[in-house]
Amino acid sequence: MTVQRLHVEKRFSEIAISGNLVHLAGQLATDLTLDIKGQTQQTLDMIDRFLADAGTDKSHIMSVMIFLKDIENDYAAMNEVWDAWCSDIEALPRTCVEAKLYRPDVLVEMTVVAVKPESL
């Protein structure tokens, strides 16, 4: 089976597709001066965009891995934004862990595995 890669950079690609399986690289906000709510919203917006580029959407997500810089202080606020984003679909499988992220101003990063539906 072949692998199609989209939004390819020198070091990584944002999307890898094989058959109907879609993997998104770790997504994060573009404006790292934002608080956890702002960074979470921008991250989810990027996920929506890349899922659309791959021919799917958030209702076809199989799993999400959420990495928070400070789970104790940011978990509730991140969940407020998450809950609003998921309000129109069934609850998604996810894991949320605290992690030391690649830059101190990155508060949240998410990776996604989804499937492409037969037709959207």
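In this predicted model, the side chains of E80 and K37 form a salt bridge, and their closest N and O atoms sit 2.8 Å apart. The two residues come from distant parts of the chain: K37 belongs to helix α1 (residues 36-53), E80 belongs to helix α2 (residues 71-85), and 43 residues separate them. So this contact ties one helix to another, and neither partner is hidden away, because a buried residue would have to fall under 20% relative accessible area. E80 comes out at 47%, which makes it partly exposed, and K37 is partly exposed too, at 35%.

What lies behind a contact like this? Side chains of opposite charge can pair when their charged atoms come close. How many salt bridges does a search of the whole structure find? The search turns up three, so there are two more to go through besides the E80 and K37 pair.

One of them brings together K58 and D88, with 3.3 Å from N to O. Here again the pair links distant parts of the chain, 30 residues apart, but this time the partners sit in loops. K58 is in the loop between α1 and β4 (61-68), while D88 is in the loop between α2 and β5 (94-98). Are these two partners buried or exposed? K58 counts as buried, because its relative accessibility of 13% is under the 20% cut-off. D88, on the other hand, is exposed, since its 58% is over the 50% cut-off.

The other salt bridge joins R103 to D105, and the closest N and O atoms are 2.8 Å apart. Both ends are partly exposed: R103 has a relative accessible area of 37%, and D105 has a relative accessibility of 27%.

Now for the strands. Strand β2 (residues 13-18) and strand β3 (residues 21-27) run antiparallel and are joined by four bridges. Which residue of β3 is the bridge partner of I15? That partner is L24. The hairpin made by β2 and β3 has two residues between the strands, and in this hairpin G19 takes a positive phi near 60 degrees.

Strand β3 has another neighbour as well. Five bridges join β3 to strand β6 (residues 108-115), and this pair also runs antiparallel. One of the matched residues is L21, whose bridge partner in β6 is V115. Put together, β3 is bridged to β2 and also to β6.

Methods
Residues are numbered from 1 along each chain as its sequence is written. This is a predicted model: local features need pLDDT of at least 70, side-chain atom pairs count only at pLDDT 80 or more; totals for chains, interfaces and linings use all residues. Side-chain values use heavy atoms; hydrogens and water are left out. Two strands pair if DSSP finds at least two bridges between them. A salt bridge is a side-chain nitrogen of Lys or Arg within 4 Å of a carboxyl oxygen of Asp or Glu. Buried means under 20% relative accessible area, exposed over 50%, partly exposed in between (1.4 Å probe, protein chains only).
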